[in-house]
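This report walks through a multi-chain model, from one chain's fold to a chain contact and then to annotated spans and domains. Please read it alongside the sequence and the structure.

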Amino acid sequence: MPRLTKDETHPVRFTLNGRPVSVRAYPRALLTDALRHEIGATGTHVGCEHGVCGACTVQVDGEPARACLMLARQAEGCEIRTVEGLNNKDALSPLQEAFREHFALQCGFCTAGILMSLDALFSPQPDAEEDAIREALSGHLCRCTGYAPIVQAALAARNRIKGGPIDA
Amino acid sequence: MKPAPFDLVAANDMSEALEALHQGGTEARVIAGGQSLVPMLNMRLASPTTLVDITRIPELSRIEANTDRINIGAAVRQSTLERWPDLADRLPLVHAALPWVAHTQLRNRGTICGSVAHADPSAELPLCLIALGGTVTLRRRRKTREVAARDFFQGMMSTDLAPGEMIVSVSFPARKSSTGYAFREVARRHGDFAIVACAATARPDGTATLTVGGVADTPRTLELPADRADLDDRLNEFAWHLQARDDLHATARYRRDLVRKLGRETLKEALPCRD
Amino acid sequence: MKDTVSEKLLGQSALRVEDPALLSGRGRYIDDLPVAAGTLALAFVRSPHGHAAIRSVDTAEAAQATGVVAVITGEDVAARTRSMTVGVKADVECWPMAVDRVRYVGEPVAMIVATDRYLAEDAADLVVVDYAMLDAVVEPVAALAADAPVLHTSLGSNLINERRFRYGDPEAEFDAAPHRIGIDVTYPRSACTPIETYGVIASYEPGEDAYDVTSNFQGPFSIHAVVARSLNVPGNRLRLRTPPDSGGSFGIKQGVFPYMILAAIAARIAGAPVKWIEDRLEHLSASVSATNRQTRIEAAVTADGRITALDWDQIEDCGAHLRAPEPATLYRMHGNMTGAYDIPNMAIRNRVVLTNKTPTGLNRGFGGPQIYFALERLMDTIARHLGLDRLEVIRRNLIPAEAFPYRTASGALYDSGDYVAALDRAVEEGGLAELYARRDKARAAGRRYGIGFACVVEPSVSNMGYITTVLTPEERAKAGPKNGAQATSTISIDPLGSVTVKVASVPQGQGHRTVLAQVVADKFGLPIDTVRVLADVDTMRDAWSIASGNYASRFAPAVAGATEIAAARLRDKLAKVAASQLNIAPDDVIFEAGRIGAAGNSDNSLSFARAAATAHWSPGTLPEGVDQTMRETVYWTPPELEAPTAEDGVNSSLCHGFIFDFCGIEIDPETAEPRIDRYVTMHDCGRILHPAMVDGQVRGGFAQAVGAAFLEEYAYGPDGSFRSGTLADYLLPTVMEVPDPVILHHETLSPFTPLGAKGVGEGNCMSTPVCIANAVADALAPEGDAPEIVLPVTAAKLAPLIFGDEPAPQEPVSETKTEDTAGGRKLTGEGRAVVQASREDVWRMLLDPATLDAIIPGSHGVRKVGETRFEADVTLGVGPVRGRYKADIDLSDLDPPNAVTLSGQAVGALGTGGGQGRITLTDTEDGTEIAYRYEAQIGGKVASVGGRLLDGAAKVVIGEFFRALARHCGGGASSGALARLRSLVDRVIKGGRS
C-alpha cells in the first residue's frame, strides 16, 4: 500500500502550465506552499487558507479549485494551471487586457484567483451570461474594487473571446 | 495555519483503503475532496495521524442510476453530479439544492459523500438525503452495511460511522411520478452555510414532507397530512420543537421565523410540481 | 518659460503601469520576495483567553522539537526592548508580547523560530501556558463601572484618557433653543480585512547593533520612531523597507509594527533572518480593528430645524492596549465634528477606555464612520421629531458656499466646497424623485421600502499634530508643538535623459505610480511610459519623514502635489539649460512631445533626453547659475496645518471633501432580508487626477461600507472570547451583495494643495453605513420615532421588527439553551435515561475511576487524586474535530445514593471547556432512572473558529458521556433491552420528538 510517511518528503509530479514539474513534499504540504515556495510560482496568492477568499484559486484539470484546500500530493498527475500560464508570451490575454482596461484590479492580490475562475468559465462557455459570471465571481473576495469593474471586465472579455480564439 | 503531520495513504483500491482505515482506527480519516476536512486540518481543529485518499479508487467515482435509486460513489465530486445530464429529471431536489452548496470552486473538488460524512447541520446535501429518504452505504474491513440517512446523522458533525469504516456511496431515491419537490434557503451571503434550508416533497396522495436544515443538530422532517387547514400551526409547533439556538449569524427566533415562512413557501412551491 | 504645455495626461484615465505585472502573477508582495539562505520561519503561541494571568510558560518540550531554533517568551522580549510608546499621559506599559497577563484573545504569548512554518507551528502546540482566568470586560460602558475588572492595574481603572472641550457657548444655546434632541448610538467593531495579511522579514547585525526589517507596513512612518525606540536603537540602526507591492491595507497594515519588533528580536535571538507571514486566523483575532464607540449626541434645534449647538459624549473602545497612534481614531475628526453643517457652538466629552478586545488602529474611514453615524442619525431624528422633510433639515444647516474657506467651531479650516449645489445636483442627476416614486409604489403594495440620506465632510491629509489634542493645552505646551504633514518626492534624470520619480507613499493598490507618471510626464511634455516611478520605501536610502506613507487619503493632495512641485523645479532648471543651447530666453522654452524647444518656432528644439543629459556629460557647458544636480527632492508641508491652539482648536486635516448620499432599501417581507435597491453617491474631492481611480476608490470604500452595514462584526463573548475568527464568521461582502452605486462628482478645487485635489479614499466608509441605516429606519418607521439601528443590520435583527410578536408553541418546549456569560458561552440542557442497575450500583460506578475511565468519552485514563477528585486525560470532540485535554473532575454535594454534582474543567490545544451536571438517581420498575441537568461553557480556539458549530458539538460530547454511562450501567441487560435503552437515550440526547 502506498503510504507516504509523515516525516519524509515524497515526490509529487504534475504539469504546471503545460510543463512537467516534480517537487518533493511532506504529506501535509499544501499545494499553495508547494507552488509558491518549492516551485517559485508566486503568482498564486494565499489569503485565508480555509477556502473562503479565493485568492489561491488555480485550475486543476481545467476546473477552478482552491489550492489552499489541496494537499500537494493530491495534485499528482494533474494538470495545474496558474495565473503565470495565462499570458501569451509577454502579451496579456484578452481577459487580462480587459481587466486592465476596466480597472478591475487595485492591489492585485485577489486577481490571480479571479482570472483563473473566469478563464475556466469562458473556456467551455465563451458566451456565459452575466449571471454565470457573477456566480463564478461569488467564490472570490475582493476588498478593493467593489466588484463592478470586475464584472464589466469579464463581460468585455467574454465579448472579445467570443469573437476570436481565446489565446489570440 | 498549517496542518499537523500525518501519513497519507493514496489507496488504489478498496482493500488498501479499508486496511489503512482499520490500522488507523479513530486516528484515521478519509480524504476525498477535502473541502470540509482541509480547513479543519489547516486550523488544526482536526489532527488525524493517517489520511486515506480514496479519490483514485475507480469504483468510487461512479454515478449509478437504477430504476428507482441513484447511487453516488464516495469520490464523485459535487460538480460531476451537477453536470450529470439526468440530474434535473431523476433528482430534481438535488438539482435545486446543489447550486446552494458553497461555490463552484469548492464543488469542483468537494464530494457528495464528503458533505454527508461531515454532517454539518446546515449543509444542503445531508438535508436532501434525509428529505428523500436516502441511505448511506458503509464499509469496513469485513462488513458492509446500509444505514437510513435519518439514522446516520446523529448530531452536530456526528454520525453512525464507526472507527475503521468509510462511506462507499449514498443512495438517493429517484424522482417519483406525480411527486413535487422544492428547495429554498436563506444564508447570510450567497454560498454560505444555511441559516435555514428547506426541502419539501409533495406526494400524489396530497401528503407532504418538509425537511429543515440549519436549525436542529441534524436535518429534521415534518410529515404533513393532505389536509393543510392547520398548516401554520403545524409549522409553528415544528419550528419550536427544532430547538433553535442563537449564534453569530442568526437568532433562534429568526430561525423559527424562517421555518414558518420559508417552510410554507417551499411547500407551496412543491405542491404544484406534482405532475 | 512659457506655460503653454498641454497638460493632457492628468485628468485622463490612463492605463495603470502597475497592471501588466499584477495581472501576470509577477507582483512582488512580501511573501514573494527572495530571502537570504537560512532564513527561518516564525510562528506564535497566542492567548486563547480574553483575560488571564500567566502563571508560567513552559517551553521545554517545544525547544526540543524538530527544526526549532529558538522559543521566545514575553519576558525574553521585554528584556531586550522598551515598552512601546503610548500616545497619552498614563501609567501604563504596552508590550508587543504578553509578559504576565493576557488581555485579548490572540495576544502573542510566545514565539517559535524554526526551519519552516509547519515545524514552527508544531512546536507552538507544545508550549504549555498555565493561565489563571480573570473576569473580562468587553463593553466600553461596562468597562467604566466602578467594579469592572481592570486590565492594567497600574492605571487603576480602564479609563485611560478623558478630555472635555467647549467651543462657543453651547450651554447658552441649549438653554435658548426650543428643542433639545438627542440619541444614543452604539457603533460596533469592524475591520477592513485586506486579502493579503501582514508579513515581516527581519535580520539583525550585532556588529552594528542594527536591525533590517522588510514589512508590508503602510505608514505613517512616525511609527519608525516607535519601533526604533522600542528596539532601543537610534533611527539609523533600524532600516525599514517595504515591498514593491502590497495586497491591500485600508489602514490595517499600520498595525503590523508590533510584529516588526517581535520579528527583529526573534532574528536577534535566533542569530538568523526570520520571516513571518500572518495567517488569516491571526489576522482576524490579533491584527487591529477599528474602534467601537458608544456615543450620546444632542443638538439644540430651532423650530425650523436649524442646529445652533451640539453636545457630544463619546466613549471610545481601543481594546486591550493603547497602541500608537491611538487614540487617533477619536481625534482625527476633531476639527470636523460639526460635519457639513454650520454649527457655531459645541461641547465634547471624550473618554478612551480599554477592554479585553483586539487593540485598534487605522481602518479606512478612521473615526469617520463612528461620528457620522451619530451625527446623521441625529439629523434623521431631528426631522422626525419636528415633522420636517429630512432633506430640508440637511439643507437648512449646510455651510453656505460663500463661507469657504470656513473655520469650524472646533478649529478646522474647510478648504472649499459648494455643498448646496452638490446636493441639488445629486437630487436631480441621481433621480431622487424617481426613487420617491419607487418607494411610494412599493409602500402602496404593502412592501417595506425606505430612503436614507447622509451628508459627510471627508477630511484628508492629516495634521500630524491633531493627536496632541488628546493632551491638555498645558501638556502640549510642555511637549512642544507638533503639526504639519510632510510629503516627499524626488525626481531625477539619468545620463540617458530618462526620468525617475521616487516617493515614500507606499501604495497598497491605489495606482500611485500611474498618477505620478501622469503628473511628471505632463510637466516635461513626455509620453507617460518614459517616466518610471518607485513608491516603495527604504528608510536608509529614500527621502521620508514622519508623515510618509499611505493613509489619511493623502496621496493626491499631498504626494502628487509634492511631485508636481519637484517636477516644476526641475523643469525650470531644464528650461534654463535648453534656453542656453537654443539661444532663447528661458521664458520662451516649451516642453512638448519629448522635445524642449522655442515657443512658436518648432524648428528650434532639441530632444528632452539631450537637454536633460547635459548636466551628466558636460557639466562645464551649463549656463551660469545652473548647477549640475539633475535631481530634485521636495519636502512639502502645508502652512494651514498648524498645531492645536491654546483653546483646543485644531485644523485636524488639510482638505475637506464633501459627500452627499442617498439610497433606497427594501426589506423582504418573507425573509426580512434588506436589499439595496439604488445607491447614489455625490463627491466633491477637488480636482480629479484620474477619474477611473477616483471612482475605484469610491466603489471600494462603498463595498467595505456595505459590509460594515450588513455583514461584518468583530463579535466577542462576555468572557472576551472572540467569535469572528474565520472568514466564514467574519463575513466580507461578495459580488452578490454589492450593488454598483451611481457615482456623481462636483469639483471645487482645493486652494491649499498644489494640484487642487483632495482625498477621496475613505468617504463612503463614513457616509454609506449611516445612509443605509437611515433608509432602514425609514423602511421600518416612515413617521414618528424610529427603532434604534445597530449595525450590522441583519435579517435576524429586523425580523422581530417586521414580523411582530412570535406565535407561541401550543405546549412549552424543553429547550437546550445557550446564553453568553462572563464565564463563556453557556450551554444548558437536560436529559434522562433508565438503566438496568440498582441505584447503589450506579452510585458506586460514578465514584469509581475505572467506571469513569470507561464512560468518559475518549478517556486515556482516570486517576483518583482525592476522595471526590479525579484527573483525566481525554480526547474530546465531534467528527474529525478532536483534541486531547487534561481534565479535572470534582464530585460535590454528594447525597448517596440519590444525587451528586459532577463538575469538570478541561484544558487543551483546541480550547477550554468547563461544565457542571447534577445527576439524580431514582428507582423505577426497570431499574434506575438517571436524570441530569448540565451547564457547560466552552472557550478558546474552538470558540473563535468553530462558533457556529460549538453548541451542537458540546451537546454531542455531553450526550456521549451519558450514553456511555447508561451503556455501562446497563451492561448486563438483554440485547432487546439494550436497544430500547439506546433508543431512549438517543431520543433524550437529541431532544427528539420527530
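## Fold of chain A

In this predicted model, chain A holds 5 helices and 6 strands. Their order along the sequence is β-β-β-α-β-β-β-α-α-α-α. The radius of gyration of chain A is 16 Å, close to the 15 Å that the globule rule gives for 168 residues, so chain A is as compact as a globular protein of that length.

Along the principal axes, the C-alpha atoms of chain A fill a box of roughly 50 × 30 × 25 Å. Of the 168 residues in chain A, 64% are buried. Take the contacts in chain A with a separation of 6 or more: residues 24 or more positions apart account for 58% of them.

## Where chain A meets chain B

How many residues does each chain bring to the contact? Chain A contributes 28 residues and chain B contributes 27 residues. On the chain A side, three elements give two or more residues: strand 1 (3–4), strand 5 (63–66) and helix 4 (130–137). Strand 5 of chain A gives the most, with 4 residues. By residue class, the chain A side splits into 10 nonpolar, 9 polar and 9 charged.

The two chains also pair through strands. Strand 1 of chain A runs antiparallel to strand 1 of chain B (residues 7–10), over 2 bridges. In this pairing, A:Leu4 stands opposite B:Leu8.

## The annotated span of chain B

UniProt, in an unreviewed entry, annotates residues 1–177 of chain B as "domain: FAD-binding PCMH-type". This span is 32% helix and 25% strand. Its end C-alpha atoms lie 50 Å apart.

## Domains of chain C

The domain assignment splits chain C into four parts. Domain 1 covers 33–134 + 197–282, and domain 2 covers 153–190 + 289–468 + 658–800. Domain 3 covers 486–636, and domain 4 covers 817–989.

The C-alpha centres of domain 1 and domain 3 of chain C are 40 Å apart. Their contact takes 19 residues from domain 1 and 16 residues from domain 3. On the domain 1 side, helix 7 (222–231) and strand 11 (238–241) of chain C are the elements that give two or more residues. That side divides into 6 nonpolar, 10 polar and 3 charged residues.

## The annotated span of chain C

An unreviewed UniProt entry places "domain: Aldehyde oxidase/xanthine dehydrogenase a/b hammerhead" at residues 24–135 of chain C. Over these residues the chain is 17% helix and 31% strand. The end C-alpha atoms of the span are 51 Å apart.

Notes: Residues are numbered from 1 along each chain as its sequence is written. Chains are lettered from A and ligands numbered from 1 in the order in which they are written. This is a predicted model: local features need pLDDT of at least 70, side-chain atom pairs count only at pLDDT 80 or more; totals for chains, interfaces and linings use all residues. Two residues are in contact if their C-beta atoms, placed from the backbone, lie within 7 Å. Ala, Val, Leu, Ile, Met, Phe, Trp, Tyr, Cys and Pro count as nonpolar, Asp, Glu, Lys and Arg as charged, and the others, Gly among them, as polar. Two strands pair if DSSP finds at least two bridges between them. UniProt positions are given in the numbering used here, feature names are shortened, and annotations may be inferred rather than shown by experiment. Domain bounds come from an automatic or database domain assignment. The radius of gyration is taken over C-alpha atoms; the globule rule is 2.2 Å times the number of residues to the power 0.38. A residue is buried if 20 or more other C-beta atoms lie within 10 Å of its own, exposed if 12 or fewer, and partly exposed in between; C-beta atoms are placed from the backbone.
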